[in-house]
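Please give a short report on this structure for someone who has not seen it before. Cover the helices, the core, the aromatic pairs and the main pocket.

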Amino acid sequence: MKSIVLREIKSFFGSPIGYLVIAVFLIGNGLFLWVFEGEYNILNSGFADLSPFFTLAPWILIFLIPAVTMRSFSDEKKQGTLELLLTKPLSIWQIVNGKFLGSILLIIMAIIPTLIYVKVVSSLGTPEGNIDMGSTIGSYFGLLFLISAYSAIGIFTSTLSENQIVAFIVAVFLCFFFYFGFEKLATIVPDLRSFISAFGMQDHFKSMSRGVIDTRDVLYFASITLLFLSITVFNLKSVKLQ
């Protein structure tokens, strides 16, 4: 599995994709948080906290993670190397997990530089250091779980077609639906709002952003990730049997 992970990382940085993803994430967040006027601008918010970043990041990742994962298996299909990959002395689960971990590591590389935001916002507080670290740490953990779920969805959609654009569009739709769709459905049925919202990622991400790592939130993200990885394995087994 290690060889698959290293192969994915090398392929990301052997082309402009890896650098582009990191640059778009950092520049996009930086512009909205520090330059552009609006609700996400930290300097104009009057509060020394990173909630604008944690509100904005999931939306940017809805597009960036599918851009990273869209080539995972669709490219193998297009080049005719999928069958060869499946004959390697690795289980299908190991192959899928290798692709999955490679994608996650790239996104984590994009997240790490944002830790400087914590230092900057802390220094802007009155008094200096007046920042809710519990909420900030919880939000970063929530972001990692969100990345995991998005990546699993993206890996799954890459098995549906050899066309990377199709894989990208389907992944964006599914990530958007799981993050925002259930919240929207909940407003249609007010009596079941809490029940329906619990099926969406946004509800669990917000819960973690309060600084409390609830077992229910962890199990939710773990279940979504495992579900889509399992479907991916099932799809690849179907290909192998053909």
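## A covered helix and its surroundings

Helix α12 is mostly covered, with seven of its nine residues buried. This is a predicted model. The helix spans residues 201-209. Its buried residues are Met201, Gln202, His204, Phe205, Ser207, Met208 and Ser209. Just after α12 comes Gly211, which takes a positive phi of about 95 degrees.

Two of the buried residues of α12 meet a residue of another helix. Leu146 touches Met201 and Phe205. Leu146 sits in helix α9, which covers residues 133-157. Beyond its neighbours up to four places away in sequence, Leu146 also touches Pro58, Tyr179 and Phe221. Is Leu146 buried or exposed? Its relative accessibility is 0%, so Leu146 counts as buried, the cut-off being under 20%. Leu146 and Ile62 are 84 residues apart along the chain, and their C-alpha atoms are separated by 9.8 Å.

Ser148 lies in α9 too. At 15% relative accessibility, Ser148 is also classed as buried. Leaving aside neighbours within four places in sequence, its contacts are Phe100, Ile104 and Thr225.

**The core**

The largest nonpolar core has 65 residues. Which of them touch the most other members? They are Phe25, Phe53, Leu143, Tyr150 and Met201. Met201 is also one of the buried residues of α12. Phe25 has a long contact list once residues up to four places away in sequence are set aside. That list holds Phe53, Ala57, Ile60, Leu61, Leu64, Ala110, Ile111 and Thr114. Phe53 thus appears both among the top core members and among the contacts of Phe25.

**Aromatic pairs**

How many aromatic pairs does a search of the whole structure find? The search finds 21. Two of them are set out here.

| Pair | Geometry | Centre to centre | Angle between planes |
|---|---|---|---|
| Phe32 and Phe36 | edge-to-face | 5.5 Å | 90 degrees |
| Phe178 and Phe228 | edge-to-face | 5.7 Å | 85 degrees |

Phe178 belongs to helix α10 (residues 164-188) and Phe228 to helix α13 (residues 215-241), so their pair ties together parts that are 50 residues apart in sequence. Phe178 is buried at 14% relative accessibility. Phe228 is buried as well, with a relative accessible area of 6%.

The rings of the other pair are partly exposed. Phe32 has 36% relative accessibility and counts as partly exposed. Phe36 is partly exposed at 39%.

Phe178 and Phe228 also belong to one aromatic cluster. Its other members are Phe156, Phe173, Phe177, Phe182, Phe195 and Phe199.

**The main pocket**

The largest pocket has a volume of about 280 Å³. It is lined by 16 residues, and the closest to its centre are Ser51, Phe54, Thr55, Ser139 and Ser209. Which helices each supply at least two residues of the lining? They are α4 (51-69), α9 and α12. Ser209, one of the residues closest to the centre, is also among the buried residues of α12. By type, the lining divides into six nonpolar, seven polar and three charged residues.

Helices α9 and α12 therefore recur in this account: both help to line the largest pocket, and Leu146 of α9 touches Met201 and Phe205, two buried residues of α12.

How values were computed:
Residues are numbered from 1 along each chain as its sequence is written. This is a predicted model: local features need pLDDT of at least 70, side-chain atom pairs count only at pLDDT 80 or more; totals for chains, interfaces and linings use all residues. Side-chain values use heavy atoms; hydrogens and water are left out. Helices (H or I, at least four residues) and strands (E, at least two) are DSSP runs, numbered from the N terminus. Buried means under 20% relative accessible area, exposed over 50%, partly exposed in between (1.4 Å probe, protein chains only). Contact means heavy atoms within 4.5 Å. On a 1 Å grid over the protein atoms alone, a cavity is a set of points where a 1.4 Å probe fits but cannot get out, and a pocket is an open set with protein on both sides within 12 Å along at least five of seven lines; lining residues have an atom within 4 Å of a point. Grid points are joined across faces, edges and corners, and a volume is the space filled by probe spheres set on the points. Ala, Val, Leu, Ile, Met, Phe, Trp, Tyr, Cys and Pro count as nonpolar, Asp, Glu, Lys and Arg as charged, and the others, Gly among them, as polar. A nonpolar core is a set of buried Ala, Val, Leu, Ile, Met, Phe, Trp, Tyr and Cys residues joined through side-chain atoms within 4.5 Å. Rings of Phe, Tyr and Trp (its six-membered ring) pair if their centres lie within 6.5 Å; planes under 30 degrees apart count as stacked, over 60 as edge-to-face and the rest as tilted.
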